[in-house]
Amino acid sequence: MRNNLILGTLLTSIFVFAALISFVWTPFPHTAMDIPNKLQGVGGEHLLGTDHFGRDILSMIMVGARTSIAVALLAVGIGMSLGVPLGLLAAAKHGSLVDEIIMRGNDLVFAFPSLVIAILITAVFGASAINAIIAIGIFNIPVFARISRGAALSLWKRDFILAARVAGKSAARISVEHILPNVTNLLIVQGTIQFSLGILAEAGLSYVGLGAQPPTPSWGRMLADAQTLVTIAPHMALVPGLAIILTVLGLNLMGDGLRDYLDPRLRVARV
């Protein structure tokens, strides 16, 4: 619905704006510790309070938004750039050995959640935001491969594709010129959904110490730091928790609104 698209875009834009403005300005330096003013509540000089080291939580939320969005965006980019070509190739070679290898490879990746993949990568290369991006990106590859393959399979039977084949176009050219443009809408919607899941995954990995490392702020890391202080400083957990909830909610609403807006059947109904 249009309201979902508007509300989702508004919520998402707030956090994207906060992430962008954090490059040039934050209320306080996000790494500056002020022990005498630690655990201050919401309001006053520090609008969202301070943490157990006296750091300004609003500044950390702004920089943490930058971290979460960057990790999720790059992870979705990895998933799209590798998953979509694999899905289109599998659809073009439907029923062949290539199709079987790609789909069974997808099943293999699905058997290992991103957290498990991150643990494996961390054991070899160490914990970092880069490794979190790789882990989440690897998990996104089969998602986009399945989506693009499923959408492409139905298009290969359409008359305009048969006409292109009669005209002598190769499978690769048909996939790029005719299949891909017709599945782009679906990929955009799925991309927003995976973007929200990427933010959740990044928060989860940072919570267990496998994501962005201190002093780089991360919403998941902020939740981990607050877990033993909930009773005396609940704002330390509530603020990053609400940031995660609102960002994911905004992206899901935007994805839902985009799906309805880009659906040709609903478009005809509106006309």
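**A buried histidine, two cores and a surface patch**

In this predicted model, His46 touches Phe28, Gln40, Gly41 and Asp56, leaving aside residues up to four places away in sequence. One of these neighbours deserves a second look: the side chains of His46 and Asp56 are joined by a polar contact of 2.9 Å. Along the chain, His46 sits in the loop between helix H1 (2-21) and helix H2 (57-92). Is this loop residue buried or exposed? With a relative accessible area of 5%, His46 falls under the 20% cut-off and therefore counts as buried.

The loop between H1 and H2 also holds Phe23, and here the picture is a different one. Phe23 has a relative accessible area of 55%, which is over the 50% cut-off, so this residue counts as exposed. Phe23 is joined by Val16, Leu20, Val24 and Trp25 in a nonpolar surface patch of about 560 Å².

It helps to step back and view the chain as a whole. Ten helices and zero strands are found in the chain, so that a walk from the N terminus reads α-α-α-α-α-α-α-α-α-α. The C-alpha trace spans about 75 × 50 × 30 Å along its principal axes. Of the 271 residues in the chain, 44% are buried. Among contacts with a separation of 6 or more, 69% are between residues 24 or more positions apart. The accessible surface comes to about 13800 Å², and carbon and sulfur atoms account for 70% of that area.

Attention now turns to the interior. In soluble globular proteins, nonpolar side chains tend to be buried together. Which residues touch the most other members of the largest nonpolar core? In this core of 43 residues, they are Ile61, Trp156, Ile179, Phe195, Ile199 and Trp219. At least two residues of the core come from each of H1, H2, helix H5 (129-155), helix H6 (159-166), helix H7 (171-207), helix H8 (219-226) and helix H9 (235-262). A second, separate core has twelve residues, including Ala118, Ala132, Ala135 and Ile136.

Trp156 offers a friendly place to start exploring the largest core, as one of the residues that touch the most other members. Not counting residues up to four places away in sequence, Trp156 touches Ala91, Ala92, Ile161, Leu162, Arg165, Ala171, Ile174, Ser175 and Ile179. Ile179, the last neighbour named, is also among the residues with the most contacts to other core members.

Definitions and conventions. Residues are numbered from 1 along each chain as its sequence is written. This is a predicted model: local features need pLDDT of at least 70, side-chain atom pairs count only at pLDDT 80 or more; totals for chains, interfaces and linings use all residues. Side-chain values use heavy atoms; hydrogens and water are left out. Helices (H or I, at least four residues) and strands (E, at least two) are DSSP runs, numbered from the N terminus. Buried means under 20% relative accessible area, exposed over 50%, partly exposed in between (1.4 Å probe, protein chains only). A polar contact is a pair of N or O atoms within 3.5 Å; within protein, one must be able to donate a hydrogen and the other to accept it, and residues adjacent in sequence count only if both atoms are side-chain atoms. Contact means heavy atoms within 4.5 Å. A nonpolar core is a set of buried Ala, Val, Leu, Ile, Met, Phe, Trp, Tyr and Cys residues joined through side-chain atoms within 4.5 Å. Patches are made of residues with over 30% relative accessible area and no salt bridge: like charges are joined within 9 Å, nonpolar side chains (Val, Leu, Ile, Met, Phe, Trp, Tyr) within 5 Å. Accessible areas come from the Shrake-Rupley method with a 1.4 Å probe; for residues, only the protein chains shown count as cover. A salt bridge is a side-chain nitrogen of Lys or Arg within 4 Å of a carboxyl oxygen of Asp or Glu.
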